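Let's walk through the side-chain contacts in this model, rings to begin with and charges after that. Have the structure open as you read.

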Amino acid sequence: MDKPFKTIEQQMAILKSRNMAVEPSAGPILLREGYYSVVNGYKGPFLEREGNGGDLEDRYLDGTSFDDVYRLFRFDRDLRLTMMRYFAEAEATLKTVCAYRFSEVHQGEPEPYLVPSNYRQDASYRRRVLELIDSFKSILHRPPHDGKGGFKREYIEHYAKTHDETPLWVLTNFLMLGQAFKFYEFQNESMRNYIAKGFSELYAETHGVEIKVTQKRLRVAYDHIKDFRNICAHDERMYCAKVSPGHDVTFADMLNDLELVLPRDENAQMQGEVIHLLHSMMTDLGSDIAMKVLHDMGVNDLRETFFTFA
């Protein structure tokens, strides 16, 4: 094997041989968190560079300690835990506005979210629409094929057994963000515009400023939020992640997307918590490493961090 098993002691020895200071306290951390998660995940800012700017993968900068790498690991974990709350709020708003607007337009129709003609009719969306509707039927214990499976939640079973239909605002409680995003994306243009108008109204109410949130801008914002939320859910490295088809949307870009859909007070609180984490990280790791981290997050200037997001 080109990656044979290494004991904790061997892992520590490898790090020392690569110019990293390693204290005995690193052993329990490596056993608990894993070499791959901590070292491979967060070594980037601490590696020496070749003349062409590439990493010297086998050698760390003078003065680098295992505690430094672990500190960056902990910063990123704290960042993920902080952001999960705000991703959840953004997710709830998308579900609520979609369910309200869609149900308002389709009043009197029995479970209109199961009707393919109530979605986009573009040929490229037909299969995807049917797959989404099938996922809804599965949640409602109406699998389209084998008839197997049970109710996903008691509240869904209650509505299914005691009422004529299960309202969309009940179903959306169980949907994942990706499903809610598809539900919005698969609506026809007039419905997408109507849902986006709801976000414009919410923004004006909480920010005191009227803006037009277009259906395209809303889709882009939630596409980014969804991707970063999934990174958090899978406990993957987030601070330097880049998403979207071009892989060029940074953490800082995503904060601007959240600003569009969160209430003003919640957005200010989120920014304050992020800034607090950044300040602690900068204090612990020093300016050189901190500036690399900020750059990877999409923040190229310290002033931008503390004034744009303040």
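## Rings and charges

There are 12 aromatic pairs in the structure, a pair being two rings of Phe, Tyr or Trp (its six-membered ring) with centres within 6.5 Å; planes under 30 degrees apart are stacked, over 60 edge-to-face, and the rest tilted. Take Tyr113 and Phe136: their ring centres are 6.1 Å apart and their planes sit at 75°, so this pair is edge-to-face. It ties together distant parts of the chain, with Tyr113 in the loop between H4 and H5 and Phe136 in helix H5, 23 residues apart. Helices here are DSSP runs of H or I, at least four residues long, numbered from the N terminus. Both Tyr113 and Phe136 are buried, meaning under 20% relative accessible area, where exposed is over 50% and partly exposed lies in between (1.4 Å probe, protein chains only).

Phe228 and Phe251 are also edge-to-face, because their planes are at 80°, with centres 6.4 Å apart. That pair links helix H10, home of Phe228, to helix H11, home of Phe251. Phe228 is buried at 0% relative accessible area, and Phe251 is buried at 2%. Elsewhere, ring pairs join Tyr42, Phe66, Tyr70, Phe73 and Tyr239 into a cluster.

A word on the source: this is a predicted model, so local features need pLDDT of at least 70 and side-chain atom pairs count only at pLDDT 80 or more, while totals for chains, interfaces and linings use all residues. Residues are numbered from 1 along each chain as its sequence is written, and side-chain values use heavy atoms, leaving out hydrogens and water.

Now the charges. The structure has 21 salt bridges, each a side-chain nitrogen of Lys or Arg within 4 Å of a carboxyl oxygen of Asp or Glu. Here are three of them:

| Salt bridge | Closest N to O |
|---|---|
| Asp235 and Arg80 | 2.5 Å |
| Glu201 and Arg101 | 2.9 Å |
| Arg127 and Glu131 | 2.7 Å |

In the Asp235 bridge, Arg80 is buried at 3%, whereas Asp235 is partly exposed at 44%. Likewise, Arg101 is buried at 9% and Glu201 is partly exposed at 41%. Arg127 and Glu131 are four residues apart in helix H5, so about one helical turn separates them.

Some charges sit over rings (NZ of Lys or CZ of Arg within 6 Å of the ring centre and within 35 degrees of the ring normal). Arg101 does this with Tyr194, 4.2 Å from the ring centre, and Lys226 with Phe181, at 5.2 Å.

Terms used. Helices (H or I, at least four residues) and strands (E, at least two) are DSSP runs, numbered from the N terminus.
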